[in-house]
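Please look through the model shown here, beginning with a single chain and then moving outward to the places where chains meet.

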Protein chains: 4
Amino acid sequence: MKTRLAILGAGRIGQVHARAIASNDSAELAAVYDPVEAAVQSVVNRFGGNPASIDEIAQDRSIDAVILCTPTDLHADQIELFAKNGKAIFCEKPIDLDAARVRACLDVVTKTNTNLMVGFNRRFDPHFMALKAAIDNGQIGTPEMGVIISRDPAAPPADYIKRSGGIFRDMMIHDIDMAVFLMGSLPESIMANGSVLTDPDIANLGDFDSASAILSWKDGRQVTISNSRRAVYGYDQRIEVHGSDGMVQAHNERPVNIEIANQTGYQTAPLHDFFMTRYVAAYANEIDAFISMITGDKPDIPTGQDGLNALVIADCAVQSAERGEAVKIPL
Amino acid sequence: MKTRLAILGAGRIGQVHARAIASNDSAELAAVYDPVEAAVQSVVNRFGGNPASIDEIAQDRSIDAVILCTPTDLHADQIELFAKNGKAIFCEKPIDLDAARVRACLDVVTKTNTNLMVGFNRRFDPHFMALKAAIDNGQIGTPEMGVIISRDPAAPPADYIKRSGGIFRDMMIHDIDMAVFLMGSLPESIMANGSVLTDPDIANLGDFDSASAILSWKDGRQVTISNSRRAVYGYDQRIEVHGSDGMVQAHNERPVNIEIANQTGYQTAPLHDFFMTRYVAAYANEIDAFISMITGDKPDIPTGQDGLNALVIADCAVQSAERGEAVKIPL
Amino acid sequence: MKTRLAILGAGRIGQVHARAIASNDSAELAAVYDPVEAAVQSVVNRFGGNPASIDEIAQDRSIDAVILCTPTDLHADQIELFAKNGKAIFCEKPIDLDAARVRACLDVVTKTNTNLMVGFNRRFDPHFMALKAAIDNGQIGTPEMGVIISRDPAAPPADYIKRSGGIFRDMMIHDIDMAVFLMGSLPESIMANGSVLTDPDIANLGDFDSASAILSWKDGRQVTISNSRRAVYGYDQRIEVHGSDGMVQAHNERPVNIEIANQTGYQTAPLHDFFMTRYVAAYANEIDAFISMITGDKPDIPTGQDGLNALVIADCAVQSAERGEAVKIPL
Amino acid sequence: MKTRLAILGAGRIGQVHARAIASNDSAELAAVYDPVEAAVQSVVNRFGGNPASIDEIAQDRSIDAVILCTPTDLHADQIELFAKNGKAIFCEKPIDLDAARVRACLDVVTKTNTNLMVGFNRRFDPHFMALKAAIDNGQIGTPEMGVIISRDPAAPPADYIKRSGGIFRDMMIHDIDMAVFLMGSLPESIMANGSVLTDPDIANLGDFDSASAILSWKDGRQVTISNSRRAVYGYDQRIEVHGSDGMVQAHNERPVNIEIANQTGYQTAPLHDFFMTRYVAAYANEIDAFISMITGDKPDIPTGQDGLNALVIADCAVQSAERGEAVKIPL
């Protein structure tokens, strides 16, 4: 018997997940919901399943799990709905931009004993997985100092920024989650700084486009993060962790491995220009992990609590940048 | 209407092609043939289609094309059969180890006006495609000198070697095809050298495990090739082309991009250990090109003549290695 | 007429500078002072000049300039002495660990119109010079975000640490100077964090061995710094600057460019294990620049004010790490 | 007592060697000869020694050794002269373009028991030395297949080419010597190919500008060489040796380690544009080895026989390219 999944939200990321389900030998796409009918039909034609309403999906006992690719402000309500209907749930991050709302939602998840996975896709990137494995295998001794550099090709549209929660909750939150994931425990405090360097309109929206942070752990470990919303050479995503016996670095993934030499020197291609091409393997791996969890395996997945942790730390980053002081993390 | 394809030979490479068909939105797997029934069933279960005999496939007018993953000594007969039955044909290389037999087969292909594509998968590798595009875009000026390094992780089993036609026809033939493909015309002569360095049993089979060659073109261009059947660090595949205005190199593809530094230095992972993991994208791309050809596009594909050319040059390499002299290529 | 220089302090770094003078066609080593006579004799034998006392050097009107490689606590007095005697002065950093003492000393330098250069050798490293030139040539547009990673192979001895002023004034000060140098202006504030991760004895001395900082400029530019006193893979010194039109990185210099591949993967050698082998070219270049300044050129050199600036910022880093808040830089 | 050396030929390379002598603590420049008096004076002013005639140098018993940077057609006679006068001799390659003349000269060297070193500078390059050490330390097991790529930035002037002996004796001879040096024994035969691709004038001079070769050893080992007289991206010098347990590569040395990323991708600088900047360390190391040999050490140096071997193999390459067949090497 194949695991049967429903997808809510048939946009860009919903389609990526639909393809992953169709390629997974032990799963099938059972149902697709989206307010835009044409979007539903396109997914169904390519990857199978039937159009369905949210309620139909919730009531259909043959459906094991749902994948929520809906707008952020619907996530918490939908998690609660499907939790009460016994579905395993994969939810794109964040659960909500308000930590209190997330906590309430997670209470429901806990009470209903629901399997909830949050879409921190980078944990499933092959390069970062190899980096994590190198740490876990003791190849760098005790991890101590981390450096995370993360730059987007270009800022998202103003409409997106308005609803995003700001650079710390929308962008740095991924790096914060990676720091927690790689260090294996929660930091004690954070110092953060934000500014606007790429586009004054972002300041008008009350947000930053450039940000730095230092996370520090009780035992003295430290991770620095550097973010920019604009990198003309592509989607720049690097992590390194330094430890007592060595260091491990994840370099950027390159679309092609050719190098051209001419009178001006040696050239390699720009980086991926979009997170969805950069993280193709990560998206497929995370859905495979979700399906594997539903069937009873115990993969190491980002939970609702992981989502909450990263949000709370991002909230502290916001406060630190406002106040110009280290903020103790209430976790 | 989707293009309907049949696969003959449900082994390792047949399965790869079946997956490519299943992932192509404009194609579907119609039929699968293999003398081993379980192999057929496994492919059908995962990728669709029905079990069928060779004759049933040949007679089924709803089937547009066949993919031949059968043993080499059956290729030429099967090509002729399906050519006469109006199918487009994808045939894994080589068409035959005997150039005369290939020529006779290609006569049938020509007379029946058949679309025949030969499986020189490397032409579809993203890195080598980018290298070819760089040349075609004039980024290195006129291409002049090529260097191709190609090493297998380990020699194939004795049984395979016996039927392989030898290192020049089985292994170097890929590099020869790439040289012709990248230089855009046929070389005039070849000097080659072979020896046994990795395993004396290979000498007992009358073959070499290490080989070098210099191809030279009438206008003075030169390509050197270096082959070994054993590389403990993985499947090593590099090409560079030097021209009047620069050079382009295709570096090896790495499974992961992490680097670990410790007291002994900096380490990166070994290369892919298998050609099928190394050329995942190439296999998918070549089937996509084949499907696109069937539907009327004119992709740049390796033809039966390309297969014959590479074989004739490989034959000349065998002679050159025997005689210790340059051999003029009769093409 | 060659420029005539005296060296005070014939230890490790004094010998490096003596060799640079001997290799400079327009300079000669005139005199050498050190309390240890054998050290003086060794330098004189290899690089020329005569033994002399401090006073003799100060009084010798044929001597144009002095190079101070003496202990830090003597620097300020000696600068004042030689300034009053009309010598050009090269002083190893820092001028003093106390900013007030530095200010007083610089007053004398100004009043006597003395040419004073401070030994921030990294500004003369060929790689960092190329990085600076790339910025100045507009190759990355407006520089905005910097990331500096700087790790020593091993912590210095306890005796050194005691007199060093601590990790911020002894080690991070180099990175602070590079940040100021590359950004081209002074930061407005700093957030810093320190901890002990490599050796508890360092905590007993009241110092840190691991430190991070975020420098921020009034216009929103930000530089993060990550320091560790222990890197088992060598002396790790990397800088990158990200700007509106691109990014420039200085990778580590490698002693040799070989790479070895075997069953465990690809290996390159560890980094330099000592700052004096890493910065061979930088030390020679800085002395050449000093000599060129004496003879009337206007090379871009680190001045006494640059030395003071870096020290004041390092002092602010100490305060920030103590108080857990951003500290405004009083410059 | 310092070793006293004389330099004959005060041109470009003579000056490089004079600097190396001046920088060697156990040697001094005693005399300089050149038909151009101003050249002699310039060297003497910068690095010491006295002007002297060839005979004066030969007769001066205080002079231990000579360094011959004179035109090639004078080398053999001068070697014989100084051998008979008991000097240790360093001679820039080649001893002569005629193997018979070299043999006669080496007879004199042998009979007079003279220490003769030939200037195959690449054996002293730090990167190639590390590559050789990796082989000798067993890091790649038994070396089996070599690939040498060697490209000059631009062809030398016509006058030089006329007297050079042609691309095989002038340029590929360096790669041949490296192949012999790295493999540790002489090859049995060579296949070579030459053509003119960069400048038709070179054909008019009866020479090639592009050449390839396969050297093969009796035990089956093979080395391929690819040469071009024109590389717009600089002086390209790479060697790799593949063995039973791995491979070692010497990558190009880069003048600076910075990388710039912008909209068109990532750029690194061109290679060195001149062999004298590329091989700075090699030139210094070879003179140090020569001086060390004079003082009784037994450094591993290229001898007169090594010079003869490379020349004889280059002669065979010329014949192979003419005849289109493998040529057995008469050594």
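The paragraphs below treat the overall build of one chain, its domains, an open sheet, and then two interfaces.

The coordinates come from a predicted model, and everything that follows should be read with that in mind. Chain A carries 12 helices and 15 strands, and its C-alpha trace spans about 55 × 50 × 45 Å along the principal axes. For 331 residues a compact globule would be expected to have a radius of gyration near 20 Å, and because chain A has 20 Å, the two values agree.

Within that outline, chain A is divided into domain 1, covering residues 3–118, and domain 2, covering residues 122–328. The centres of these two domains of chain A, taken over C-alpha atoms, are separated by 25 Å, and the contact between them takes 26 residues from domain 1 and 23 residues from domain 2. On the side of domain 1 of chain A that touches domain 2, at least two residues each are supplied by α1 (12–23), β5 (88–91), α5 (99–111) and β6 (116–118) of chain A. By class, that side of domain 1 of chain A has 17 nonpolar residues, together with five polar and four charged ones.

An open sheet can be followed in chain C. Six strands of chain C form it in the order β3-β2-β1-β4-β5-β6, and the pairing is parallel. Strands β3 (50–51) and β6 (116–118) of chain C stand at the edges, each with a single partner strand, so one side of each is left without a neighbour in the sheet. At the β6(C) edge, strand β5 (residues 88–91) of chain C runs parallel to β6(C) and is joined to it by three bridges, and Cys91(C) has Val118(C) as its bridge partner in β6(C). Helix α1 (residues 12–23) of chain C packs on this sheet, where it touches β1 (3–8), β2 (27–33) and β4 (65–68) of chain C, and the direction of the helix makes about 150° with that of β2(C).

The next step is to ask how chains meet. Between chain A and chain C, 30 residues of chain A are in contact with 30 residues of chain C. The elements that give two or more residues to the side of chain A touching chain C are β7 (143–151), β8 (189–195), β9 (210–216), β10 (222–228) and β12 (246–250) of chain A, and β7(A) gives the most, with five residues. By class, this side of chain A has 12 nonpolar, 13 polar and five charged residues.

With chain D, 12 residues of chain A are in contact with 12 residues of chain D. Here β13 (258–262) and β14 of chain A each supply at least two residues of the side of chain A that touches chain D, with β14(A) giving the most, at four residues. This side of chain A has six nonpolar and six polar residues, and no charged residues.

Strand pairing crosses this boundary. Strand β14 (residues 265–268) of chain A runs antiparallel to strand β14 (residues 265–268) of chain D, and three bridges join the two. Gln267(A) stands opposite Gln267(D) in β14(D), while Tyr266(A) has Thr268(D) as its bridge partner in that strand. In chain D, β14(D) also pairs in the antiparallel sense with strand β13 (residues 258–262) of chain D, over four bridges; a hairpin of two residues joins β13(D) to β14(D), and Asn262(D) stands opposite Gly265(D) in β14(D). Strand β14(D) is thus paired both with β13(D) and with β14(A).

What relation links chain A to chain D when one is laid on the other? Chain A can be laid on chain D with an RMSD of 0.0 Å by a turn of 180° and a shift of 0.0 Å along the axis, which is the relation of a two-fold axis. Gln267(A) comes closest to this rotation axis of the residues of chain A, with its C-alpha at 2.3 Å. The same surface serves both copies, since 100% of the contact residues of chain A recur in chain D. Gln267(A), the residue of chain A that comes closest to the rotation axis, is also the one that stands opposite Gln267(D) in β14(D).

Terms used: Residues numbered from 1 in each chain as written. Chains lettered and ligands numbered in written order. Predicted model: local features only at pLDDT ≥ 70, side-chain atom pairs only at ≥ 80, totals over all residues. Pairing = 2+ DSSP bridges. Domains from an automatic or database assignment. Contact = placed C-beta atoms within 7 Å. Nonpolar A, V, L, I, M, F, W, Y, C, P; charged D, E, K, R; others polar. Least-squares fit on C-alpha atoms with pLDDT ≥ 70 in both. Axes fitted to C-alpha atoms, helices over the stretch in contact; angles between N-to-C directions. Rg over C-alpha atoms; globule rule 2.2 N^0.38 Å.
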